[in-house]
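Biologist: I have the sequence and the model open side by side. Could you walk me through the reasoning behind the labels people put on a structure like this?

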Amino acid sequence: MGFKCGIVGLPNVGKSTLFNALTQTSAAQAANYPFCTIEPNVGDVGVPDPRLDILAAIAGSHQIIPTRLTFVDIAGLVKGASKGEGLGNQFLANIRETDAIAHVVRCFEDGDITHVSGKIDPLADIETIETELMLADLDALEKRQPAAEKKGKQGDKDQKELADLMMRALVLLREGKPARVVQRHADEEKLFQGLGLLSSKPVLYVCNVEEAAADKGNAFSDKVKAFAKTEGNVAVVVSAKIESEIAIMAQADQKDFLDATGLSEPGLNRVIRAGYELLGLFTYFTVGPKEARAWTITQGTKAPAAAGVIHTDFEKGFIRSETIAYEDYVSGKGEAGSKLAGKFRLEGKDYVVADGDVMHFRFNT
């Protein structure tokens, strides 16, 4: 399990170029005109994690299997998309199926690439997209809330709770605030997520800058970072043009290219890391001669649920987990050395999995 991230933005901000680079495909057509993407493109990539390679080398694993990240490239939204302008509502629906939004923001000047509004203003672009998502949510809730309220007044407790939650969201949306800032209790979270509100998604702002600013960003991206911080979201700087070059480059040549551009790693790594931070995700590992594999879970996940990511039977029949911290596995040069050092632990149902744990599950069939 990785996470599913919808790539959104105005036309001509570099969304499809970034998608092609991140997925190392040319599935999404990149062109200098609006709506060149007429169907949502989906691409899976392996999540790069140096720890997985180290574990595999220690265990002599025959196969290395990273966890997966899914990107969905959604057509450029424009002002009025919530009312059907451009390619509008059909693409707004695709956003509902994602865990987070990667909002690509144009942070570069280029006279050869037309901006849909005729000027470079990343904060105005962000406002345009956010407004369309909120308007779509407002329209959906105004249609649904009265029916739920009516059923609630007739004695349906579940519908009463739902109506109350929708009204809280409506109040904020009418004030121009996104649904993700709705105050809610932990036991309401599942119900809230079930509403499928577009503006409830956590947002990762991807600042697409010119090549010269790929390492440190520029004045435009600085504004986006400051804005993201105020709303508790995350921003990362990427040059889609550089990433598209890296994507078609031989692995052996990538390091020299990155060094020449002042970068320590490809933008993919930074985007994934920022996305993980945003969604509160981390990784545990299963390691053996056959394969070394990474699995993604949310922070606070207990051992049985972590086992269930591999297979539901593992969770249902969970007995215990044999656990070694990543650092202990490496310093012990494997399972045997970790056991000798007293770093091998048997953990029960209440164990909260830590990032980097190397685990083996015992379960009843």
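Modeller: Happy to. This is a predicted model, and over residues 25-38 the pLDDT stays under 50.

Biologist: What makes pLDDT under 50 over residues 25-38 a reason for care?

Modeller: pLDDT is the predictor's confidence in each residue, on a scale from 0 to 100. Where it is low, the predicted coordinates should not be read in detail. The model does have 40 contacts beyond four places in sequence for residues 25-38. For the protein, the mean pLDDT is 86, and 88% of residues reach 70 or more.

Biologist: Why are β2 and β7 said to stand at the edges of the sheet?

Modeller: Look at the order of the open, six-stranded sheet: β2-β4-β1-β5-β6-β7, with mixed pairing. β2 (41-46) and β7 (234-238) each have a single partner strand, so one side of each is left without a neighbour in the sheet. From one strand to the next, the twist averages 25°.

Biologist: How do you know that β1 and β5 pair?

Modeller: Pairing calls for at least two bridges between two strands. Four bridges join β1 (residues 4-8) to β5, and the two run parallel, so by that cut-off they pair. Within this pair, Gly-6 stands opposite Ile-101 of β5. Helix α4 packs on the sheet, touching β1, β5 and β6, and its direction makes about 145° with that of β5.

Biologist: What makes a space a cavity here rather than a pocket?

Modeller: A 1.4 Å probe fits in a cavity but cannot get out, whereas a pocket is open. The structure holds one cavity of 30 Å³ or more; the largest cavity has about 40 Å³ of space. Its lining is Val-8, Ile-101, His-103, Ile-129, Glu-130, Leu-133, Val-203 and Tyr-205. α4 gives the most to that lining, three residues.

Biologist: Why does Tyr count as nonpolar in that lining?

Modeller: Because the classes used here place Tyr with Val, Leu and Ile, while Glu counts as charged and His as polar. The lining of the largest cavity therefore divides into six nonpolar, one polar and one charged residue.

Biologist: And which residues are closest to the centre of the largest pocket?

Modeller: That pocket has a volume of about 790 Å³. Of its 30 lining residues, Gly-46, Val-47, Pro-48, Asp-49 and Asn-269 are the closest to its centre. By class, the lining of the largest pocket has 17 nonpolar, six polar and seven charged residues, and α10 gives the most, with five.

Methods:
Residues numbered from 1 in each chain as written. Predicted model: local features only at pLDDT ≥ 70, side-chain atom pairs only at ≥ 80, totals over all residues. Heavy atoms only, no water. 1 Å grid on protein atoms, 1.4 Å probe; cavity = no way out; pocket = protein on both sides within 12 Å on 5 of 7 lines; lining within 4 Å. Points joined across faces, edges and corners; volume = space filled by probe spheres on them. Axes fitted to C-alpha atoms, helices over the stretch in contact; angles between N-to-C directions. Contact = heavy atoms within 4.5 Å.
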